[in-house]
Amino acid sequence: MTAKPESPLAARPDAPDTTGPGDPRIDGIAPHVKEIIRILGLSPETDPNLTGTDRRVAKMYLEIFSGLDEGTRPNLTTFPNDEHYTSMVIEKEIPFYSMCAHHFVPFYGHGHIAYIPNERIVGLSKLPRLLDFFAKRPQLQERLTEQVAGVLEEELKPLGVMVVLEARHLCVEMRGVRKPGSVTVTSAIRGVFKQKAVREEFLDLLRRPGVI
Ligand SMILES: [Zn+2]
């Protein structure tokens with residue numbers, strides 16, 4: 001296959017290669033990406049749109065799978081619950097992006113995390129960070145949901161935790177059954193959220209439109 005004349009949308013051949021040397025894993029992954037491009041019948045050497053794609057993809061993988069790197073798990077800073085706050089704390093509509101472990105295409109959506117404190121409370125910014133950390137690896141939505149709930153239960157020892165994730169899976173929308181717009185919902189429940197009334201309170205607050 002020969003390279004087509006450059007379209008206005010084509011990457012400029014003089015566009016700087018921002019990938020750089022850096023992480024040795026880029027050199028490990030890039031040749032395999034190039035080989036896939038070749039096997040698909042394309043010309044990574046001559047097609048200006050594919051110049052550098054191998055290294056860009058390699059670098060992107062390292063970025064979107066950074067949750068696999070050692071030392072990236074966020075420290076959950078907790079504080080003593082001195083005010084004896086025992087109502088529900090909810091962080092909702094937290095956007096997340098992950099990659100389906102079965103197909104290596106994205107699934108993405110929103111997470112809603114609730115807990116009822118016991119002895120400790122957690123800094124609110126840690127909840128999105130925790131979701132982000134577990135999302136940045138090849139994942140299953142079910143496992144992602146459980147992992148977030150599991151860590152909060154383990155580290156906060158709250159009265160209860162509930163995590164709900166709503167996501168669109170490109171492996172369902174672009175290929176396979178091709179059902180654009182379908183949403184997969186998963187939940188993980190710990191402690192007092194097993195009681196229907198507590199769970200309902202959380203779900204009711206999720207349904208309420210934002211007022212901010
Ligand atoms: Zn998939």
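**View 1. The whole chain, element by element.** Starting at the N terminus of this predicted model, the elements go α-α-β-β-β-β-α-β-α-β-α-β-α. That adds up to six helices and seven strands. The chain has 212 residues, and 22% of them count as buried. Take the contacts between residues at least 6 apart in sequence: 72% of these join residues at least 24 apart.

**View 2. The open sheet.** Here five strands line up in the order β5-β2-β3-β6-β7, with mixed pairing. Which strands stand at the edges? They're β5 and β7 (184-191), and each has a single partner strand, so one side of each is left without a neighbour in the sheet. As a bit of background, strands of a sheet pair through backbone hydrogen bonds, and they can do this either parallel or antiparallel.

**View 3. Zooming in on β2 and β5.** These two strands run parallel, and two bridges join them. If you'd like one spot to look for, find M99: its bridge partner in β5 is P138.

**View 4. Helix α3 against the sheet.** Now look at α3, which lies across β2, β3 and β5. Its direction makes an angle of about 15° with β2. Is this helix mostly covered or mostly uncovered? It's mostly covered, with seven of its 10 residues buried. Those buried residues are K126, L127, L130, L131, D132, F134 and A135. And what covers them? The cover includes the strands β2 (89-100), β3 (106-116), β4 (120-122) and β5 (138-139), along with helix α4.

**View 5. Where α3 meets α4.** When two helices pack, people describe them by the angle between their axes and the distance between the axes. For helix α3 (residues 126-135) and helix α4 (residues 141-156), the axes come within 10 Å and cross at roughly 135°. The two helices are therefore oblique to each other. As for handedness, α3 passes α4 in a right-handed crossing.

**View 6. The residues in the α3 and α4 contact.** On the α3 side, the contact is made by L130, L131, F134 and A135. Facing them from α4 are L144, Q147, V148 and V151. How many residues in this contact are nonpolar, polar or charged? Seven are nonpolar, one is polar and none is charged. You've met some of these already: L130, L131, F134 and A135 are also among the buried residues of α3.

How values were computed:
Residues are numbered from 1 along each chain as its sequence is written. This is a predicted model: local features need pLDDT of at least 70, side-chain atom pairs count only at pLDDT 80 or more; totals for chains, interfaces and linings use all residues. Axes are lines fitted to C-alpha atoms, for helices over the stretch in contact, and angles run from 0 to 180 degrees between N-to-C directions. Helices (H or I, at least four residues) and strands (E, at least two) are DSSP runs, numbered from the N terminus. Angles under 35 degrees count as roughly parallel, over 145 as roughly antiparallel, 65 to 115 as roughly perpendicular and the rest as oblique. A crossing is left-handed if the near helix is turned anticlockwise from the far one by less than a right angle, and right-handed if clockwise. Two residues are in contact if their C-beta atoms, placed from the backbone, lie within 7 Å. Ala, Val, Leu, Ile, Met, Phe, Trp, Tyr, Cys and Pro count as nonpolar, Asp, Glu, Lys and Arg as charged, and the others, Gly among them, as polar. A residue is buried if 20 or more other C-beta atoms lie within 10 Å of its own, exposed if 12 or fewer, and partly exposed in between; C-beta atoms are placed from the backbone. Two strands pair if DSSP finds at least two bridges between them.
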